Amino acid sequence: MTSTEAAAALEDARLSSTWTATARAWPKTNAAGVAEWERITQLLATTGGVYDPAADAVLQDELAADRGAAEAEQ
(Lines give C-alpha, C1' and ligand atoms only; values in the text may rest on other atoms or scores of the structure.)
Protein backbone atom coordinates (compact mmCIF):
# COMPACT_ATOMS: atom_id res chain seq x y z
CA MET A 1 0.00 0.00 0.00
CA THR A 2 1.36 3.39 -0.95
CA SER A 3 1.05 6.58 1.07
CA THR A 4 -1.57 7.85 -1.39
CA GLU A 5 -3.65 4.70 -0.92
CA ALA A 6 -3.29 4.94 2.86
CA ALA A 7 -4.39 8.58 2.82
CA ALA A 8 -7.46 7.63 0.78
CA ALA A 9 -8.26 4.79 3.20
CA LEU A 10 -7.89 7.19 6.13
CA GLU A 11 -10.28 9.64 4.51
CA ASP A 12 -12.79 6.83 3.86
CA ALA A 13 -12.49 5.71 7.49
CA ARG A 14 -13.05 9.24 8.75
CA LEU A 15 -16.09 9.69 6.54
CA SER A 16 -17.59 6.36 7.52
CA SER A 17 -17.02 7.03 11.22
CA THR A 18 -19.30 10.06 11.32
CA TRP A 19 -23.00 9.93 12.04
CA THR A 20 -25.08 10.66 9.00
CA ALA A 21 -28.38 12.19 10.04
CA THR A 22 -29.87 11.75 6.59
CA ALA A 23 -28.98 8.07 6.45
CA ARG A 24 -29.75 7.64 10.16
CA ALA A 25 -27.04 5.06 10.37
CA TRP A 26 -24.31 4.24 12.82
CA PRO A 27 -20.73 4.56 11.66
CA LYS A 28 -19.13 1.67 9.82
CA THR A 29 -15.71 2.46 11.27
CA ASN A 30 -14.98 3.18 14.92
CA ALA A 31 -12.44 5.58 16.37
CA ALA A 32 -9.88 2.80 16.74
CA GLY A 33 -10.08 2.08 13.02
CA VAL A 34 -9.51 5.74 12.19
CA ALA A 35 -6.60 5.88 14.64
CA GLU A 36 -5.00 2.84 13.00
CA TRP A 37 -5.25 4.43 9.53
CA GLU A 38 -3.75 7.63 10.96
CA ARG A 39 -0.84 5.61 12.35
CA ILE A 40 -0.25 3.84 9.04
CA THR A 41 -0.47 7.12 7.11
CA GLN A 42 2.09 8.73 9.45
CA LEU A 43 4.34 5.68 9.17
CA LEU A 44 4.34 5.94 5.38
CA ALA A 45 4.87 9.70 5.46
CA THR A 46 7.91 9.14 7.66
CA THR A 47 9.42 6.25 5.72
CA GLY A 48 8.29 7.24 2.24
CA GLY A 49 7.96 3.58 1.44
CA VAL A 50 5.23 1.07 0.82
CA TYR A 51 3.26 -0.34 3.75
CA ASP A 52 4.13 -3.93 4.52
CA PRO A 53 2.12 -5.48 7.36
CA ALA A 54 4.87 -8.04 7.92
CA ALA A 55 7.34 -5.23 8.65
CA ASP A 56 4.96 -3.23 10.89
CA ALA A 57 6.27 -3.77 14.43
CA VAL A 58 3.09 -2.45 16.07
CA LEU A 59 0.86 -4.75 14.04
CA GLN A 60 3.11 -7.75 14.62
CA ASP A 61 3.09 -7.10 18.38
CA GLU A 62 -0.73 -6.94 18.35
CA LEU A 63 -0.97 -10.17 16.37
CA ALA A 64 1.44 -11.91 18.75
CA ALA A 65 -0.62 -10.74 21.73
CA ASP A 66 -3.80 -12.01 20.06
CA ARG A 67 -2.17 -15.39 19.42
CA GLY A 68 -0.99 -15.55 23.01
CA ALA A 69 -4.47 -14.76 24.32
CA ALA A 70 -6.02 -17.38 22.02
CA GLU A 71 -3.54 -20.00 23.20
CA ALA A 72 -4.20 -19.10 26.84
CA GLU A 73 -7.95 -19.62 26.31
CA GLN A 74 -7.37 -23.15 24.99
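Glu38 is partly exposed in this predicted model, with a relative accessible area of 32%. Its side chain meets that of Arg14 in a salt bridge, with 3.0 Å from N to O. Arg14 sits in helix α1 (residues 3-16) and Glu38 in helix α2 (residues 31-47), so the bridge ties together parts of the chain that are 24 residues apart in sequence. Arg14, like its partner, falls in the partly exposed class, at a relative accessible area of 36%. Another acidic residue, Glu11, also belongs to α1. Glu11 comes out as partly exposed too, at 39% relative accessibility. Along the chain, Glu11 and Glu38 are 27 residues apart, and their C-alpha atoms are separated by 9.4 Å.

The Arg14–Glu38 pair is one of 3 salt bridges in the structure. Turning to Arg39, its side chain meets that of Glu36 in a salt bridge at 2.7 Å, N to O. Arg39 and Glu36 are separated by about one helical turn, because they lie 3 residues apart in helix α2. Glu36 is partly exposed, with 24% relative accessibility. Arg39 also bridges to Asp56, here with 2.6 Å between N and O. That pair reaches between distant parts of the chain: Arg39 is in α2, while Asp56 is in the loop between α2 and α3 (57-73), 17 residues away. Asp56 is buried, with a relative accessibility of just 3%. Through their shared partners, the salt bridges join Glu36, Arg39 and Asp56 into one network. As a general point, side chains of opposite charge can pair when their charged atoms come close.

As for the overall fold, the protein has 3 helices and 0 strands, running α-α-α from the N terminus on. Of its 74 residues, 16% are buried. The accessible surface comes to about 5400 Å², and carbon and sulfur atoms hold 57% of that area. Among contacts with a separation of 6 or more, 42% are between residues 24 or more positions apart.

Helix α2 deserves a second look. It has 17 residues and spans 24 Å from its first C-alpha to its last, close to the 24 Å expected at 1.5 Å a residue. Its buried residues are Gly33, Val34, Ile40, Thr41 and Leu44. These cover an arc of only 125 degrees around the axis, so they end up on the same side of α2. The buried residues of α2 pack against α1, the helix that also supplies Arg14 for the bridge to Glu38. On the face turned away from the buried side, α2 carries the exposed residues Ala31, Ala32, Gln42, Thr46 and Thr47. Right after α2 comes Gly48, with a positive phi near 70 degrees.

Two of the buried α2 residues, Ile40 and Leu44, turn up again in the largest nonpolar core. That core has 5 residues, with Ala6, Tyr51 and Leu59 making up the rest. Leaving aside neighbours within four places in sequence, Ile40 is in contact with Ala6 and Tyr51. Ala6 falls within the residue range of α1, and Leu59 within that of α3. In soluble globular proteins, nonpolar side chains tend to be buried together.

How values were computed: Residues are numbered from 1 along each chain as its sequence is written. This is a predicted model: local features need pLDDT of at least 70, side-chain atom pairs count only at pLDDT 80 or more; totals for chains, interfaces and linings use all residues. Side-chain values use heavy atoms; hydrogens and water are left out. A salt bridge is a side-chain nitrogen of Lys or Arg within 4 Å of a carboxyl oxygen of Asp or Glu. Helices (H or I, at least four residues) and strands (E, at least two) are DSSP runs, numbered from the N terminus. Buried means under 20% relative accessible area, exposed over 50%, partly exposed in between (1.4 Å probe, protein chains only). A nonpolar core is a set of buried Ala, Val, Leu, Ile, Met, Phe, Trp, Tyr and Cys residues joined through side-chain atoms within 4.5 Å. Contact means heavy atoms within 4.5 Å. Accessible areas come from the Shrake-Rupley method with a 1.4 Å probe; for residues, only the protein chains shown count as cover. The expected span of a helix is 1.5 Å times one less than its number of residues. The arc is that of the directions from the helix axis to the C-beta atoms.
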